[in-house]
Amino acid sequence: MTMLSQSYQPSALKMRPLSFLRNWTILVLLLLWCTSCSFQDSQEINLTLNTQAGGRPGLYSLSGTTNLPDQSQITVAAIRDLRFPDQAVYGDESNAPYSILDRQVVRVEDGKWQATLNLWQVAPDGHFREAWQLEQSPIGDSLQPSADVSFVALFDPQGQLPTVENQTIQTPELEGQLVRFSNEGQPYVKVTQSQRIPLPTGRKTPPVVKPEDMNWGWGKERYELPPQSPAPKNVRPQPLKTEQTNQPLLPSEFLR
C-alpha cells in the first residue's frame with residue numbers, strides 16, 4: 001500500500017498544474033468572446049461628406065455614405081462665418097455671427113445620401129447675392145465674410161421624424177470620433193468640410209414681382225384701395241325716387 005501511495009503521489013502532483021492551466025484557458029477564452037460581442041453591439045458611427053460644384057455658379061452637389069439605418073434624416077447646410085471689423089467686440093469666438101446660405105434635409109437610402117444646395121439668390125435689382133447680403137441693415141453692411149464656406153452634414157437622433165409609412169427609425173447608440181454633444185448633453189453626429197468660395201458676382205434680369213408675391217400672397221387689394229375717378233363738378237344731382245305720397249291710405253293697407 002505504501003508503494004502504491006508513493007507511486008501515485010508524484011503523478012497526482014503533475015495532474016494538478018494541468019487542470020489549473022486548463023481552467024484559466026477556458027476563462028480567458030470566455031473573456032475574449034464577451035469582448036468581441038460587446039464590440040459588435042456598439043458599432044462606431046460612420047458618416048462621410050463629399051462636395052462638388054454643380055452645373056452653374058452657386059450650385060453645389062453633396063453626397064456621402066453612412067452606416068446609419070435607412071430612412072435616417074441628415075441635415076445638410078452651407079454656412080459662411082461673418083465678422084465685424086472690430087472682432088474684439090466678441091469675447092468668445094463661438095459667439096461670432098454666421099449665415100446659413102442654404103439647407104436641406106435628406107434621408108439615407110441603401111447607406112447613401114445626396115443633396116443639392118444653392119448658395120446664391122437673386123436680389124430685386126437682379127444681382128446675385130448670398131442670404132446675409134440681402135438684409136438691408138447697418139449691421140449687415142458692416143459684416144466681413146470669411147473666405148471659406150463650411151459644408152456640414154449632421155445627424156440628430158432627437159430630431160428624427162417618422163417615415164412616410166409612419167415608421168419610427170431605430171437609432172443605434174452613437175459612438176465614435178464623429179460624435180458630439182450639445183449643451184444639454186444630447187449626442188449627435190457631425191462632419192464638416194470647408195472650401196474657399198468667392199462671393200457671388202454677375203446679375204440677371206430682375207424677377208417680375210407678381211401679385212401673389214406681395215402682402216404674403218394677398219396682393220395689393222388688401223392694403224391699397226384702387227384709385228377712383230373724381231366726381232364731376234357743376235352737375236345737378238339726380239332727383240331721388242321715393243314711394244312716398246300724401247294720398248289717404250287704402251283700407252287694405254291698415255293693420256288688422
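From the N terminus on, the elements of this protein run α-β-β-β-β-β-β-β-α-β-β-β. Counted up, that comes to 2 helices and 10 strands. Please keep in mind, everyone, that we are looking at a predicted model.

A few overall values before we go into the details. The protein has 256 residues, and 22% of them count as buried. Its accessible surface comes to about 20,200 Å², with 55% of that belonging to carbon and sulfur atoms. For those of you who like contact maps: take the contacts between residues at least 6 apart in sequence, and 69% of them join residues at least 24 apart.

Now to the strands. As a quick reminder, strands of a sheet pair through backbone hydrogen bonds, either parallel or antiparallel. Here we have an open sheet of 3 strands, in the order 1-2-5, and the pairing is antiparallel. Which strands stand at the edges of this sheet? They are strand 1, residues 50-53, and strand 5, residues 112-118. Each has a single partner strand, so one side of each is left without a neighbour in the sheet. From one strand to the next, the twist averages 20°.

If you zoom in on strand 1 and strand 2, the latter being residues 59-65, you will find 4 bridges joining them. One pairing you can pick out on screen is Gln 52, whose bridge partner in strand 2 is Ser 61.

Let's move along the chain to strand 10, residues 187-196. With strand 8, residues 144-155, strand 10 pairs over 8 bridges in the antiparallel sense. Ser 150 has Ser 194 of strand 10 as its bridge partner. Strand 10 is also joined to strand 9, residues 179-181, by 3 bridges, and these two run antiparallel as well. There, Phe 181 is matched with Pro 187 in strand 10.

Strand 9 and strand 10 form a hairpin, with 5 residues between them. If you check the backbone torsions in that turn, look at Gly 185: its phi is positive, about 85°.

On to the charged side chains. In general, side chains of opposite charge can pair when their charged atoms come close. How many salt bridges does the structure hold? It holds 2, and I'd like to show you both.

In one of them, Arg 80 pairs with Glu 130, and the closest N and O atoms are 2.9 Å apart. This pair links distant parts of the chain, 50 residues apart: Arg 80 sits in strand 3, residues 73-83, while Glu 130 is in the loop between strand 7, 128-129, and helix 2, 138-142. Are these two buried or exposed? Buried means under 20% relative accessible area. Arg 80, at 1% relative accessibility, therefore counts as buried. Glu 130 has a relative accessible area of 0%, so this residue is buried too.

The other salt bridge brings us back to strands 8 and 10. Asp 148 and Arg 196 form this one, with the closest N and O atoms 3.1 Å apart. Asp 148 lies in strand 8 and Arg 196 in strand 10, so the pair ties together parts that are 48 residues apart in sequence. As for their surroundings, Asp 148 is partly exposed, with a relative accessible area of 28%, and Arg 196 counts as exposed at 64% relative accessibility.

That's my tour, thanks for listening!

Methods: Residues are numbered from 1 along each chain as its sequence is written. This is a predicted model: local features need pLDDT of at least 70, side-chain atom pairs count only at pLDDT 80 or more; totals for chains, interfaces and linings use all residues. Side-chain values use heavy atoms; hydrogens and water are left out. Two strands pair if DSSP finds at least two bridges between them. Axes are lines fitted to C-alpha atoms, for helices over the stretch in contact, and angles run from 0 to 180 degrees between N-to-C directions. A salt bridge is a side-chain nitrogen of Lys or Arg within 4 Å of a carboxyl oxygen of Asp or Glu. Buried means under 20% relative accessible area, exposed over 50%, partly exposed in between (1.4 Å probe, protein chains only). Contact means heavy atoms within 4.5 Å. Accessible areas come from the Shrake-Rupley method with a 1.4 Å probe; for residues, only the protein chains shown count as cover.
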